[in-house]
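Biologist: Please take me through this model. I want to know what each term rests on.

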Amino acid sequence: MLIRVLGSAAGGGFPQWNCNGALSRAAWDGEPHVVQRTQSSLAVSADGDAWVLLNASPDIRSQIGTTRALQPRRDQPRRNSPIKAVVLTNADVDHVAGLLSLREGHAFTIYAAGRVLDVLASNRIFDVLAPACVDRRPLALATPLQIRDHGADLGLTIEAFPVPGKIALYLEDKQAGPDLGTSEGDTIGLRVRDANGSEFFYIPACARIDEPLSMRLHGASLLFFDGTLYDDDEMIRQGLLAKTGRRMGHMSMNGPDGSLAAFASIPVARKVYIHINNSNPALSTASAAFRTVRAVGWEIAHDGMEIAL
Ligand code: MLT
Ligand code: MN
């Protein structure tokens with residue numbers, strides 16, 4: 001199985017279009033200790049030929065431009081694409097807006113939890129993906145599903161499972177109480193497995209690690225995990241946005257409730273932070289945060305990172 005990180009940044013990318021914060025500034029200025037990143041998405045393939053995208057970011061067109069394996073094949077018809085399916089982990093803008101760039105009457109399949117398919121169905125702009133050729137298939141939770149293209153088995157099995165999280169920002173219901181109207185299926189994690197039994201987990205958004213999630217990840221060989229913020233209040237302290245990570249549905253890396261502490265007691269062979277916000281100091285290889293994260297064995301994903309299992 002081949003995994004390619006198409007985009008490693010959180011919503012907004014890095015640098016973010018309107019951001020003059022210290023990290024974005026360094027990225028705009030091309031400083032060597034930071035690397036620009038596009039928005040959150042992975043590509044996976046069992047054979048290197050047919051590819052499945054995990055989330056479709058607004059940067060998808062440039063991601064295809066820098067990823068030869070995702071470009072139309074020279075020896076195939078005038079219209080062709082190695083992208084056979086897109087699996088969505090939530091309805092956040094950074095994970096679904098790229099679908100709109102996959103219009104042009106091309107057949108592929110979208111897999112998502114029922115809650116997220118409902119969001120697509122209720123926004124008519126997504127009908128640019130002609131329902132006659134773009135299939136939308138529900139991912140039942142905790143039920144492994146073989147990914148297919150026109151009936152052909154792509155050699156990948158995907159299991160969706162619920163993770164603590166939040167409904168998409170633009171769907172928050174402020175009257176609904178502290179959960180803002182969130183229901184099961186609004187945020188899922190994915191376990192992706194090939195025919196040889198190689199597998200990895202992809203969890204780009206997670207509000208906390210509860211007991212079921214901790215048990216599920218125990219002993220995993222590879223995990224891509226929510227690396228949005230380093231400190232829960234960093235966006236407030238940096239004068240960027242008056243919101244904590246908690247309020248956004250993301251657990252942070254640092255602190256007693258953070259992922260660094262949580263994974264100290266969950267054995268996982270290879271751990272990679274992804275969906276990293278432009279406020280996260282770990283984006284800078286010159287930061288103490290970066291050194292701390294690396295010292296306990298975490299990696300920070302970068303665009304173009306490739307892993308073969
Ligand atoms: C998130 O990850 O919290 C969202 O992508 C935020 C957003 O929609 O901008
Ligand atoms: Mn996001």
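Modeller: Strands E2 (residues 41–45) and E3 (residues 51–54) pair in the antiparallel sense, over 3 bridges. The model is predicted: local features need pLDDT of at least 70, side-chain atom pairs count only at pLDDT 80 or more, and totals for chains, interfaces and linings use all residues. Residues are numbered from 1 along each chain as its sequence is written, chains are lettered from A and ligands numbered from 1 in the order in which they are written, and side-chain values use heavy atoms, with hydrogens and water left out.

Biologist: Why are E2 and E3 called a pair?

Modeller: Two strands pair if DSSP finds at least two bridges between them. E2 and E3 have 3 bridges, so they count as a pair under that rule. Strands (E, at least two residues) and helices (H or I, at least four) are DSSP runs, numbered from the N terminus. Across the pair, Leu42 stands opposite Leu54, and Ala43 stands opposite Leu53.

Biologist: What lies between E2 and E3?

Modeller: They form a hairpin with 5 residues between them. Gly48 in the turn has a positive phi of about 80 degrees.

Biologist: Which strands do E2 and E3 pair with on their other sides?

Modeller: The open sheet has 7 strands in the order E6-E5-E4-E3-E2-E1-E14, with mixed pairing. Its edge strands are E6 (134–138) and E14 (306–308), each pairing on one side only. E1 (residues 2–7) joins E2 through 5 bridges, antiparallel. There, Val5 stands opposite Leu42. E3 and E4 (residues 83–87) run parallel, joined by 4 bridges. Leu54 stands opposite Val87 in E4.

Biologist: How do you know that E2 is largely enclosed?

Modeller: Buried means under 20% relative accessible area (exposed is over 50%, partly exposed in between; 1.4 Å probe, protein chains only). In E2, 5 of the 5 residues are buried, so the rest of the structure largely encloses this strand. Ser41, Ala43 and Ser45 are buried on one side, Leu42 and Val44 on the other. Both faces of E3 are covered too: Trp51 and Leu53 on one side, Val52 and Leu54 on the other. Side chains alternate between the two faces of the sheet in a regular strand.

Biologist: What makes Asp94 and His275 donors to the manganese ion?

Modeller: Donors are N, O and S atoms within 2.8 Å of the metal (3.2 Å for Na, K and Ca); water is not among the atoms, so sites may look incomplete. The manganese ion (ligand 2) is coordinated by Asp94 (OD), Asp94 (OD) and His275 (NE2), at 2.1 to 2.8 Å. Asp94 sits in helix H3, and His275 in the loop between strand E12 (268–274) and helix H9 (288–295), 181 residues apart. Asp94 and His275 are both buried.

Biologist: What classes of residue make up the lining of the largest pocket?

Modeller: The lining has 12 nonpolar, 15 polar and 6 charged residues. Ala, Val, Leu, Ile, Met, Phe, Trp, Tyr, Cys and Pro count as nonpolar, Asp, Glu, Lys and Arg as charged, and the others, Gly among them, as polar.
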